[in-house]
Amino acid sequence: MKKNKSWLDYLWLWTIIYFVLGFFNILFAWLGMIDFILPLLFAIFGGNKFFCNKLCGRGQLFSMLPKKFKCSTGKTAPGWLLSRYFKYGFLAFFMIMFMNIIYQSWLVFGGAKSLNESIKLFWTFNIPFHWAYTAKNFPEWSAQFAFGFYSLMLTSALIGLIVMMLYRPRTWCVFCPMGTMTQIICRYKNRG
Amino acid sequence: MSKRFVRVNKNLCASCGACSKECPRNAINIFRGCYAAVDEKLCVGCGLCARTCPAGCIEIILVEEDS
Ligand code: SF4
Ligand code: SF4
Ligand code: SF4
């Protein structure tokens with residue numbers, strides 16, 4: 001039985017559009033904050049994971065690609081990757097990295113550091129990205145944030161694609177920091 | 001007669017909703033963002049959800065019923 005599709009099933013396009021826009025103008029990276037704030041709003045005020053369950057383009061992309069291109073082994077990931085320790089540890093690591101992006105932007109804002117027009121993949125590899133910053137009428141700290149945030153979004157998408165291929169399509173969702181955070185909020189709201 | 005259905009390990013479930021998207025019978029609902037809840041009356045035990053679940057936390061159960 002085929003399920004009826006709604007426009008909500010095409011939000012995977014957003015994930016691709018986001019990276020393309022940011023490639024040409026890094027300031028579009030700010031739009032990724034929608035994917036940070038919306039899930040939290042649903043969890044805090046609705047006590048649900050409506051974002052993960054219906055809206056998340058990334059989750060949809062990971063479901064869809066293996067269906068179209070058979071690019072996933074379909075094997076269950078090893079236990080440690082699915083454990084709570086790893087999930088919570090990864091969430092903590094991710095939050096520290098996010099704080100660091102804010103800190104770096106703050107340094108640029110205060111003039112303690114000059115703008116670094118590159119992105120960093122897997123928190124290790126620097127890739128020059130200067131073409132993406134041409135709108136010089138925006139403050140430099142906002143561009144610094146954008147470079148950092150784009151790096152975070154791209155790195156996490158790549159990790160997601162790797163585990164999609166190695167294991168089951170949506171393995172990323174098991175330890176996705178947004179998914180973990182919203183589940184913690186929902187469990188807290190429904191405790192007792 | 002025997003009946004087949006699935007059971008979710010709530011502790012491992014990430015409430016991602018991948019299973020409920022696959023279920024042809026719409027038997028799975030993500031209970032308040034906490035875990036996947038299976039409606040055993042609707043579930044036919046086809047196992048699609050179990051094969052999809054990235055956390056591997058869905059198990060197929062076979063119950064023998066005397067009638
Ligand atoms: S767990 Fe993360 S990637 Fe998966 S659906 Fe939720 S927000 Fe999207
Ligand atoms: S696919 Fe697995 S982890 Fe995701 S909601 Fe269903 S049972 Fe939970
Ligand atoms: S076993 Fe089949 S019918 Fe039952 S919940 Fe899973 S997908 Fe739905």
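The following dialogue explains how to read cavities, pockets, ligand shells, a salt bridge, a strand pair and backbone angles in a predicted model.

Reader: Which conventions and confidence limits apply to this model?

Author: This is a predicted model, in which local features need pLDDT of at least 70 and side-chain atom pairs count only at pLDDT 80 or more, whereas totals for chains, interfaces and linings use all residues. Residues are numbered from 1 along each chain as its sequence is written, chains are lettered from A and ligands numbered from 1 in the order in which they are written, and side-chain values use heavy atoms, with hydrogens and water left out.

Reader: How many cavities of 30 Å³ or more are there, and what lines the largest cavity?

Author: On a 1 Å grid over the protein atoms alone, a cavity is a set of points where a 1.4 Å probe fits but cannot get out; a pocket is an open set with protein on both sides within 12 Å along at least five of seven lines; lining residues have an atom within 4 Å of a point. Grid points are joined across faces, edges and corners, and a volume is the space filled by probe spheres set on the points. Here, three cavities of 30 Å³ or more are counted, and the largest cavity holds about 320 Å³. Its lining comprises 24 residues, with Cys56(A), Arg58(A), Trp172(A), Cys176(A) and Met178(A) closest to the centre. Helices (H or I, at least four residues) and strands (E, at least two) are DSSP runs, numbered from the N terminus. Among these elements, α1(A) gives the most to the lining of the largest cavity, namely four residues.

Reader: What is the make-up of that lining by class?

Author: Ala, Val, Leu, Ile, Met, Phe, Trp, Tyr, Cys and Pro count as nonpolar, Asp, Glu, Lys and Arg as charged, and the others, Gly among them, as polar. The lining of the largest cavity has 16 nonpolar, four polar and four charged residues.

Reader: Which residues lie closest to the centre of the largest pocket?

Author: The largest pocket has a volume of about 1,400 Å³. Of its 42 lining residues, Lys3(A), Ser63(A), Lys67(A), Lys21(B) and Glu22(B) are the closest to its centre. Helix α4(A) supplies the largest share of this lining, six residues. By class, the lining of the largest pocket divides into 14 nonpolar, 13 polar and 15 charged residues.

Reader: Where is the second largest pocket lined?

Author: The second largest pocket, of about 410 Å³, has 15 lining residues, and Asn100(A), Ile101(A), Gln104(A), Lys120(A) and Gly148(A) lie nearest its centre. Elements α6 (84–110), β1 (118–121) and α7 of chain A each supply at least two residues. This lining has five nonpolar, eight polar and two charged residues.

Reader: How many salt bridges are counted over all chains?

Author: A salt bridge is a side-chain nitrogen of Lys or Arg within 4 Å of a carboxyl oxygen of Asp or Glu. One salt bridge is counted over all chains. Lys67(A) forms a salt bridge with Glu22(B), and the closest N and O atoms are 2.7 Å apart. The pair crosses between chains, from helix α4 of chain A to helix α1 (residues 18–22) of chain B.

Reader: Is Lys67(A) buried or exposed?

Author: Buried means under 20% relative accessible area, exposed over 50%, and partly exposed in between (1.4 Å probe, protein chains only). Lys67(A) counts as exposed because its relative accessibility is 54%.

Reader: Which residues come nearest to ligand 2?

Author: A residue is near a molecule or strand if one of its heavy atoms lies within 4 Å of it. Of the 15 residues around ligand 2, the nearest are Cys13(B), Ala14(B), Cys16(B), Cys19(B) and Cys53(B). The shell around ligand 2 has 13 nonpolar, two polar and no charged residues. Residues around ligand 3 include Cys23(B), Cys43(B), Cys46(B) and Cys49(B), and by class that shell has nine nonpolar, two polar and one charged residues.

Reader: In what sense do β2(B) and β3(B) pair?

Author: Two strands pair if DSSP finds at least two bridges between them. Strands β2 (residues 28–31) and β3 (residues 35–38) of chain B pair in the antiparallel sense over four bridges, and Ile28(B) stands opposite Val38(B). In this hairpin, with three residues between the strands, Arg32(B) takes a positive phi near 45 degrees.

Reader: Where is Lys70(A) found, a residue with positive phi?

Author: Lys70(A), a residue other than glycine, has a phi near 50 degrees. Lys70(A) is found in the loop between α4 and α5 (79–82) of chain A, and is exposed at 72% relative accessible area.
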